[in-house]
Amino acid sequence: MVPRVQLPPEIQLAQRLAGNEQVTRDRAVRKLRKYIVARTQRAAGGFTHDELLKVWKGLFYCMWMQDKPLLQEELGRTISQLIHAFQTAEAQHLFLQTFWQTMNREWTGIDRLRLDKFYMLMRMVLNESLKALKARRWEERHMEQLLALLMTEILHPDSQAPNGVKSHFIEIFLEELAKVGADELTADQNLKFIEPFCRIAAQTKDSLVLHNITRSIFETIVEQAPFAIEDLMNEMGAEDLSEGNEQEPGELCEKPTRGSSRGAAVDLGEEQARGDEDSAGPVLQFDYEAVANRLFEVAGQQDTPSPNRKRLYKVIRKLQDLAEGLFPEEDIPEKAARKLQEGRRGRRTKRRLPKCRLHNKTGRDGQEDLRADPSAGSRRTRQDVATGPTVPQEQTRAQGRRGAHRRQRRPRAGARAKVTGCQEPEVKKKRTQENK
């Protein structure tokens, strides 16, 4: 009898994580957390790259088998918080690296009914990875390692990340960073977070990546500028109240703060501020002039493709305007605004004419078309009836005898006049011939 081969604990956990029963999967997740804590506490412990790939494959199918949105959210939170079970930063980075590699490998096999929960899982894992960085007080060395890992596995040209993973990662990056570090990060630290996106936007040959970075990173910074300035002014007011020093509004703008935006002190009305309080969430502070200079530096290189340079120069102009205190909405000249309003009014009042009206707009004999103005046509027909030739009395009596049982029609106020050039229907011709 052949002795049973003992499987490694990673494979056993992966098999139970992908089981059919929910009770089995939940127990496997709890055991996995305890196993990670126990193994990483050893001096010679730790996981290899292949072992974590096996673990993540089991976690992937554990999420695959989970139904019901609330249970999916709970499971996603439990899986994403496994990163805190690792004791060292290197082990956490390896855990994150194998997660993104697993998503890149399995993404094409996910059907559209399961996409939402894996989008949610990516968002939660990114959020917990930023929280782990926050627990280390945003050290520059760990920040650079995390950004290098994310760019290498997702946005690098040699990475095997599908477009869905790239687009979703770019879309949620600033949102999750603002949720975790909006209260602590300075403008210089935020610039370091978006610096890899500046380099990739300048060098990439993928138009989809360029479009997503421009829209979800740079244009988001421009759109959130009013909220960022409002938060900055509120923070400065709170500091002044705590210190008890009364200062003029002009002195408030000159005081250096956590997220200084040079030249971006714009007067925001009370009504606008009250209206935006409910819609604005956590917002990151940026030095718009520094961001514009960094973009100009990477866009001005010789190996930057021409479409990328043009797209980035448009963003640079907006950031420079923000640094000078001009918002894009307020930078519209009065003449251009008037032309825009007139054009909209013209498009609303303009009506499309039928072919017969377009053909007879001036008429064959140079006369105006009466169908363009229904009221004019009705006036014209009434005048023709009033001043027209007198009909013989015998003919009217004969018509009255013949059509006594029919109800005589009267022309309406908006009736259409007969226009030369329009062919009458055959039924009407037959009736006129019979009447004659």
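Here are legends for several close-up views of this chain, which is a predicted model.

**Figure 1. The whole chain, for orientation: helices and no strands.**
The predicted model has 20 helices and zero strands. Of its 436 residues, 37% count as buried. If you look at contacts between residues at least 6 apart in sequence, 73% of them join residues at least 24 apart. The closer views below pick out a helix pair, the nonpolar core, some salt bridges and a few ring pairs.

**Figure 2. Helix H7 packed against helix H8.**
H7 covers residues 140-155 and H8 covers residues 163-181. The two helices pack at an angle of about 145°, and their axes are 10 Å apart. On the H7 side, the contact is made by Leu147, Leu150, Met151, Ile154 and Leu155. H8 brings Val165, Lys166, Phe169, Ile170 and Phe173. Sorted by class, that makes nine nonpolar residues, no polar ones and one charged residue.

**Figure 3. Leu150 and the largest nonpolar core.**
This core has 92 residues. Which residues have the most contacts inside it? They are Leu150, Phe169, Phe173, Phe193, Leu295 and Leu319. Helix H8 gives the most to the core, with nine residues. Zoom in on Leu150 and, leaving out residues up to four places away in sequence, you find it touching Trp100, Leu126, Leu155, Phe169 and Phe173. As a bit of background, nonpolar side chains tend to be buried together in soluble globular proteins.

**Figure 4. Glu10 and its surroundings.**
Glu10 sits in helix H1, residues 9-17. Is this acidic side chain's residue, Glu10, buried or exposed? Glu10 has a relative accessible area of 4%, so it counts as buried. Setting aside neighbours within four places in sequence, Glu10 is in contact with Tyr35, Arg39, Phe47, Glu51 and Val55. Two of those contacts, Arg39 and Glu51, turn up again in the next view.

**Figure 5. A buried salt-bridge pair, Glu51 and Arg39.**
The side chains of Glu51 and Arg39 meet in a salt bridge, at 2.9 Å from N to O. Glu51 lies in helix H3 (residues 49-65) and Arg39 in helix H2 (residues 22-40), so the bridge ties together parts that are 12 residues apart in sequence. Both partners are buried. Glu10 is in contact with each of them, Arg39 and Glu51.

**Figure 6. More salt bridges, from a chain count of 13.**
Arg77 and Glu73 form a salt bridge of 3.1 Å, N to O. Why are these two about one helical turn apart? Because Arg77 and Glu73 are four residues apart in helix H4 (residues 69-80). Both ends are partly exposed: Arg77 has a relative accessible area of 36%, and Glu73 has 32%. Another bridge joins Arg114 and Asp111, at 2.9 Å from N to O. Here Arg114 is partly exposed at 26% relative accessibility, and Asp111 is partly exposed at 25%. Elsewhere, Arg123, Glu175, Glu176 and Lys179 are linked in a network of salt bridges.

**Figure 7. Two ring pairs, Phe60 with Tyr61 and Trp107 with Tyr119.**
The count for the chain comes to 18 aromatic pairs. In the Phe60 and Tyr61 pair, the ring centres are 5.2 Å apart and the planes are at 85°, so the pair is edge-to-face. Phe60 is buried, at 3% relative accessibility, whereas Tyr61 is partly exposed at 28%. For Trp107 and Tyr119, the centres are 5.4 Å apart and the planes are at 55°, so this pair is tilted. Trp107 is in the loop between helix H5 (89-106) and helix H6 (115-135), while Tyr119 is in helix H6; the pair links distant parts of the chain, 12 residues apart. Trp107 is buried, with a relative accessible area of 9%, and Tyr119 is partly exposed, with 24%.

**Figure 8. A cluster of aromatic rings.**
Ring pairs link Tyr35, Phe47, Trp56, Phe86, Phe95, Phe99, Trp100, Trp138, Phe169, Phe173, Phe193 and Phe197 into this cluster. Some names will ring a bell: Phe169, Phe173 and Phe193 are among the residues with the most contacts inside the largest nonpolar core. Phe169 and Phe173 are also part of the H8 side of the contact with H7. Tyr35 and Phe47, for their part, are in contact with Glu10.

Conventions: Residues are numbered from 1 along each chain as its sequence is written. This is a predicted model: local features need pLDDT of at least 70, side-chain atom pairs count only at pLDDT 80 or more; totals for chains, interfaces and linings use all residues. Side-chain values use heavy atoms; hydrogens and water are left out. Axes are lines fitted to C-alpha atoms, for helices over the stretch in contact, and angles run from 0 to 180 degrees between N-to-C directions. Contact means heavy atoms within 4.5 Å. Ala, Val, Leu, Ile, Met, Phe, Trp, Tyr, Cys and Pro count as nonpolar, Asp, Glu, Lys and Arg as charged, and the others, Gly among them, as polar. Buried means under 20% relative accessible area, exposed over 50%, partly exposed in between (1.4 Å probe, protein chains only). A salt bridge is a side-chain nitrogen of Lys or Arg within 4 Å of a carboxyl oxygen of Asp or Glu. A nonpolar core is a set of buried Ala, Val, Leu, Ile, Met, Phe, Trp, Tyr and Cys residues joined through side-chain atoms within 4.5 Å. Rings of Phe, Tyr and Trp (its six-membered ring) pair if their centres lie within 6.5 Å; planes under 30 degrees apart count as stacked, over 60 as edge-to-face and the rest as tilted.
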